[in-house]
Amino acid sequence: MTCDHMVTYRLPMDDVFDALAHPIRRDLLDALREKDGQTLGELERRHAVTRFAVMKHLRLLEEAGLVTSLKTGREKRHYLNPAPIQRIVDRWVSRYAAPFVRTMVDLAETFERGAAMSRPGPKHVWEIFVRAAPEEIWTVLTDDARTPLWQHFDMTSKTDWRPGGAITFFVGDRPMIVGEILELEPPRRLVHSFSARWAPDVAADAPSRVTWELLPIGATATKLVLTHDDFEGETATSRAVGGGWPEALSRLKTLVETGEPFLMPPQHG
């Protein structure tokens with residue numbers, strides 16, 4: 001009996017491991033983790049290899065599902081997709097062991113950052129899928145009149161919608177968050193600084209950065225990626241914002257998809 005007729009089946013996870021095997025491809029993923037949505041020109045400056053070589057590495061990352069690309073005008077921007085790596089974690093790390101593994105990884109990264117004397121990467125990253133086109137989400141996201149409908153704590157906002165313009169969130173007449181528009185690319189990308197003012201401990205922190213990215217999925221859906229990063233280490237602000245943004249995203253999703261504001265049910269102790 002011969003085995004000449006046997007077929008070797010290749011699983012999607014094999015492509016992920018192959019893609020992660022090369023140091024240049026791992027560095028490209030690190031670069032997109034630091035700053036998502038980079039062009040080929042931005043990424044190729046990191047390596048002393050040809051433009052064609054970087055293109056080939058990016059293509060392999062795309063085939064493995066680790067990178068997605070979006071063409072806007074003449075530019076093609078590349079975005080990190082961590083989902084395949086998360087599936088690997090889910091397969092081999094049980095839900096009981098996950099908190100301990102995460103703690104060990106965080107501890108190791110803390111020592112590595114201290115040795116390298118570098119700022120940490122993104123502190124918080126959330127992804128949410130919305131049944132609407134990017135233009136529909138952008139319309140709500142950038143409408144100061146509708147801010148109380150999707151922001152938590154019934155905030156209002158006042159924004160000068162231009163690069164360099166001020167963005168301020170109020171509760172009553174009191175500024176709670178102040179920032180500056182750093183990037184404005186309708187209807188796909190909004191970046192602004194973030195300085196919290198709701199308590200003395202957070203008011204002492206340096207400004208951080210919030211990035212909104214709206215990535216179309218077909219004609220009627222969008223992956224919204226919110227990244228809050230550029231903290232100067234573990235700060236009061238970095239610890240505080242983890243609970244607020246998921247609620248804000250849920251409110252925004254509900255408003256865009258249904259036209260009705262999200263009403264948080266009463267909390268009973």
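# A tour of the model, stop by stop

Start at the beginning of the chain and select residues 1-9: their pLDDT stays under 50, and the model gives them zero contacts beyond four places in sequence. Keep in mind that everything you see here is a predicted model. Colour the protein by pLDDT and you are looking at an average of 82, with 81% of the residues scoring at least 70.

**Stop 1: helix α4**

Next, select residues 51-63, which make up helix α4. This helix has 13 residues and reaches 18 Å from its first C-alpha to its last, close to the 18 Å expected at 1.5 Å a residue. Now show the side chains of Val54, His57, Leu58 and Leu61, the buried residues of α4. They sit on the same side of the helix, because they cover an arc of only 100 degrees around its axis. Spin the view to the face turned away from that buried side and you'll find Phe52 and Glu63, both exposed.

Zoom in on His57. Its relative accessibility is 11%, so it counts as buried, the cut-off being under 20%. Which residues does His57 touch, leaving aside those up to four places away in sequence? Pick His22, Ile24, Arg25 and Leu28 to see them.

Before moving on, click Gly65, just after α4: this glycine takes a positive phi of about 80 degrees.

**Stop 2: strands β1, β2 and β3**

Carry on to β2 (residues 67-72), which pairs with β3 in the antiparallel sense over six bridges. Look across from Ser69 and you'll meet His78 in β3. The two strands form a hairpin with two residues between them, and in the turn Gly73 has a positive phi of about 65 degrees.

Then add β1 (residues 38-39) to your selection: two bridges join β1 to β3 (residues 75-80), and the pair runs antiparallel. For one of the partnerships, select Thr39 and its bridge partner in β3, Arg77.

**Stop 3: the seven-stranded sheet**

Time for the open sheet of seven strands. Trace across it in the order β4-β10-β9-β8-β7-β6-β5, with antiparallel pairing. At the edges are β4 (124-130) and β5 (156-159), each of which pairs on one side only. Neighbouring strands here are turned by 20 degrees against each other on average, direction ignored.

Within the sheet, pick out β9 (residues 208-217) and β10 (residues 221-229), which pair antiparallel over nine bridges. Leu214 has Leu224 in β10 as its bridge partner.

Two helices are worth switching on as well. Helix α7 (residues 134-141) packs on the sheet and touches β4, β7 (174-185), β8, β9 and β10. The direction of α7 makes about 150 degrees with that of β9. Helix α11 (residues 244-258) packs on the sheet too, touching β4, β8, β9 and β10, and its direction makes about 15 degrees with that of β4.

**Last stop: Val191**

Finish in strand β8 (residues 189-196), where you'll find Val191. Is Val191 buried or exposed? Val191 counts as buried, because its relative accessibility is 2%. Show what surrounds it: beyond four places in sequence, Val191 touches Glu180, Ile181, Leu182, Glu183, Arg209, Val210 and Thr211. Try the distance tool on Val191 and Glu180: they are 11 residues apart in sequence and 8.6 Å apart in space, C-alpha to C-alpha.

Key:
Residues numbered from 1 in each chain as written. Heavy atoms only, no water. Helix = DSSP H or I, 4+ residues; strand = E, 2+ residues; numbered from the N terminus. Buried < 20%, exposed > 50% of the residue type's maximum accessible area, 1.4 Å probe, protein only. Contact = heavy atoms within 4.5 Å. pLDDT = per-residue confidence, 0-100. Expected span 1.5 Å × (residues − 1). Arc of directions from axis to C-beta. Pairing = 2+ DSSP bridges. Axes fitted to C-alpha atoms, helices over the stretch in contact; angles between N-to-C directions.
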